[in-house]
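Me: Could you walk me through this structure and show me how to read it?

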Amino acid sequence: SIEELKDAKENFDGVEIDIFYVPEKNDIFVGHSYADSVNNLLFNDLLSSLGKARKMCYWLDFKYLNADNAEQAITALNIIADKYRIKDKLFIESWSPKALSVAKNNGFHTMLWVTSLSYKKYETHEDTVNLLNNIRHNINNLKPDDISCVSAMFPILCDSFPEQTIHFWDTPKKYTPENVEFTRKICQRENVKIVLVDYPTDEIF
């Protein structure tokens, strides 16, 4: 919501926002699924609520972005980015290398979402190797600015791709000393640049 964004602005340098493109309206909406379009919250309205605040960065989890709709969706996002002069503040996240290629060709910062060993049953060492090989294949083809993944893949991603900038989401987690200590541990790795948390404050270091 706009209220949550304003609260986050007071405590953090950036936020993660779920967005999706609605072709019938040729616009970018805020929400986790198409059903959220009934809330009629546009990404443009969210940014407009901040006034002249230009320091915030936005981790944009671009839902449903794919090779079929990428040209239209990224064009719509480009209009918004130019309007608020924040293209350098936007991190476009998607699982689709082809869609991210369109974003990259339009000058956006790209984050390739990679799957985790925790998302389905990986029973053997061969399963793990195959997953990592698939990730490397996509990295080599797209050459994204970053890769992003759930923190359950720490430290295996850091060890397997030391040359790659990595962003983790360490959520959902309660604000406890044990969880904060794990977040600190993630942040100590040199190739980890952003860690997404649900904590009420960034004063954990």
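What follows is a short conversation about the sheet, a pair of helices and a few single residues.

Me: What kind of model is this, and how are residues numbered?
Reply: This is a predicted model, where local features need pLDDT of at least 70, side-chain atom pairs count only at pLDDT 80 or more, and totals for chains, interfaces and linings use all residues. Residues are numbered from 1 along each chain as its sequence is written, and side-chain values use heavy atoms, with hydrogens and water left out.

Me: In what order do the strands of the sheet lie?
Reply: Some terms come before the answer. Strands (E, at least two residues) and helices (H or I, at least four) are DSSP runs, numbered from the N terminus. Two strands pair if DSSP finds at least two bridges between them. Here, 8 strands form an open sheet with mixed pairing, in the order β2-β1-β3-β4-β5-β6-β7-β8. The edges are taken by β2 and β8 (192-196), each with a single partner strand, so one side of each has no neighbour in the sheet. From one strand to the next, the twist averages 30°; such angles run from 0 to 180 degrees between N-to-C directions, with axes fitted to C-alpha atoms, for helices over the stretch in contact.

Me: Which strands pair with β1?
Reply: β1 runs parallel to β3 (residues 57-63), joined by 7 bridges, and I19 stands opposite F62 in β3. With β2 (residues 27-30), β1 pairs in the antiparallel sense over 4 bridges. V22 has D27 in β2 as its bridge partner. The hairpin of β1 and β2 has 4 residues between the strands, and N26 takes a positive phi near 50° there.

Me: Are the two faces of β6 covered or open?
Reply: In a regular strand the side chains alternate between the two faces of the sheet. In β6, both faces are covered: D146, S148 and V150 are buried on one side, and I147 and C149 on the other. Buried means under 20% relative accessible area, exposed over 50%, and partly exposed in between (1.4 Å probe, protein chains only). β6 is joined in parallel to β5 by 3 bridges and to β7 (residues 166-169) by 4 bridges. S148 takes part in both pairings: S148 is the bridge partner of W113 and stands opposite H167 in β7.

Me: How do α3 and α4 cross?
Reply: Two packed helices are described by the angle between their axes and the distance between the axes. For α3 (residues 70-84) and α4 (residues 97-105), the axes come within 9 Å and cross at roughly 40°. A70, E71 and I74 in α3 meet A99, V102 and A103 in α4, where contact means heavy atoms within 4.5 Å.

Me: Where is T183, and is T183 buried or exposed?
Reply: T183 is in helix α7 (residues 177-187). T183 is buried, with a relative accessible area of 1%. The side chains of T183 and Y199 are joined by a polar contact of 2.9 Å. A polar contact is a pair of N or O atoms within 3.5 Å; within protein, one must be able to donate a hydrogen and the other to accept it, and residues adjacent in sequence count only if both atoms are side-chain atoms.

Me: What does F12 touch?
Reply: F12 lies in the loop between α1 (2-11) and β1. Not counting residues up to four places away in sequence, F12 touches M56, V197, Y199, P200, T201 and D202.
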